[in-house]
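Subject: Structure for you to look at

Dear colleague,

Please find below the structure I promised to pass on, with its sequence. My notes on what was found in it follow underneath.

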Amino acid sequence: MDFMLEEELIDLMTFCLQTPDAPEVDEKKKRITEVGKEIFNDGGVDAMVAFFFAIDNRITEEISKSPVIFKPLWNGLDDEWKF
């Protein structure tokens, strides 16, 4: 399941980074938030950090853009996650 969530996040974030003006971006950002909740519920902040580390590395390597701008979408899930 973790692999599927990671791939979904990569697809969602890559789309948003490559086509920021697309009408679907708000819907995809909502899904990024939902996936963050799933990750947090399954493994807490440690899982969120691990996921984002892997996703950031892969997306940055593949398209030369960082998904760090999406970290705030997970704010509020835990006090430790503040971006």
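Pro72 is partly exposed, because its relative accessible area is 37%, and its place is in the segment after helix 2. Please bear in mind that this is a predicted model, and that every value below is computed from it. Along the chain Pro72 and Lys82 are 10 residues apart, and their C-alpha atoms are separated by 7.2 Å.

Two other residues of that segment are worth a look on your screen. Asp79 also lies in the segment after helix 2, and it counts as exposed because its relative accessibility is 66%, where the cut-off for exposed is over 50%. From C-alpha to C-alpha, Asp79 is 9.2 Å from Val45 in space, while the two are 34 residues apart in sequence. Ser64 is placed in the segment after helix 2 as well, and with a relative accessible area of 64% Ser64 is exposed. What may catch your eye in the backbone is that Ser64, although not a glycine, has a positive phi of about 60°.

Turning to the helices, helix 1 covers residues 2-18 and helix 2 covers residues 25-63. Helix 1 has 17 residues, and from its first C-alpha to its last it reaches 24 Å, which is close to the 24 Å expected at 1.5 Å a residue.

How do the two helices lie against each other? Two packed helices are described by the angle between their axes and the distance between the axes. Here the axes of helix 1 and helix 2 come within 7 Å and cross at roughly 60°, and helix 1 is therefore oblique to helix 2. The crossing of the two helices is right-handed. The residues that form the contact of helix 1 with helix 2 divide into 18 nonpolar, two polar and 10 charged.

Which residues of helix 1 are buried? They are Leu5, Glu7, Leu9, Ile10, Leu12, Met13, Thr14, Cys16 and Leu17, and what covers them includes helix 2. In reading that list, it may help to recall that an α-helix has 3.6 residues a turn, so residues three or four places apart point the same way. Thr14, which is found in helix 1, counts as buried because its relative accessibility is 15%, and the cut-off for buried is under 20%. Leaving aside residues up to four places away in sequence, Thr14 touches Ile59 and Ile63.

Within helix 2, three residues can be set side by side. Thr33 lies in this helix and is buried, with a relative accessible area of 19%; when residues up to four places away in sequence are not counted, Thr33 touches Leu73 and Trp74. Ala47 lies in helix 2 too, and at 18% relative accessibility Ala47 counts as buried. Between the C-alpha atoms of Ala47 and Gly36 there are 9.5 Å in space, and the two residues are 11 apart in sequence. Ala50 is likewise a residue of helix 2, but at 45% relative accessibility Ala50 counts as partly exposed. Ala50 and Cys16 are 34 residues apart along the chain, and their C-alpha atoms are separated by 21 Å.

If you have time for one view, I would suggest the crossing of helix 1 and helix 2, which is right-handed, with Thr14 shown together with Ile59 and Ile63, the residues that Thr14 touches once residues up to four places away in sequence are set aside. A second view could show Thr33 with Leu73 and Trp74, which Thr33 touches under that exclusion of residues up to four places away.

With best regards

Methods. Residues are numbered from 1 along each chain as its sequence is written. This is a predicted model: local features need pLDDT of at least 70, side-chain atom pairs count only at pLDDT 80 or more; totals for chains, interfaces and linings use all residues. Side-chain values use heavy atoms; hydrogens and water are left out. Axes are lines fitted to C-alpha atoms, for helices over the stretch in contact, and angles run from 0 to 180 degrees between N-to-C directions. Helices (H or I, at least four residues) and strands (E, at least two) are DSSP runs, numbered from the N terminus. Angles under 35 degrees count as roughly parallel, over 145 as roughly antiparallel, 65 to 115 as roughly perpendicular and the rest as oblique. A crossing is left-handed if the near helix is turned anticlockwise from the far one by less than a right angle, and right-handed if clockwise. Ala, Val, Leu, Ile, Met, Phe, Trp, Tyr, Cys and Pro count as nonpolar, Asp, Glu, Lys and Arg as charged, and the others, Gly among them, as polar. Buried means under 20% relative accessible area, exposed over 50%, partly exposed in between (1.4 Å probe, protein chains only). Contact means heavy atoms within 4.5 Å. The expected span of a helix is 1.5 Å times one less than its number of residues.
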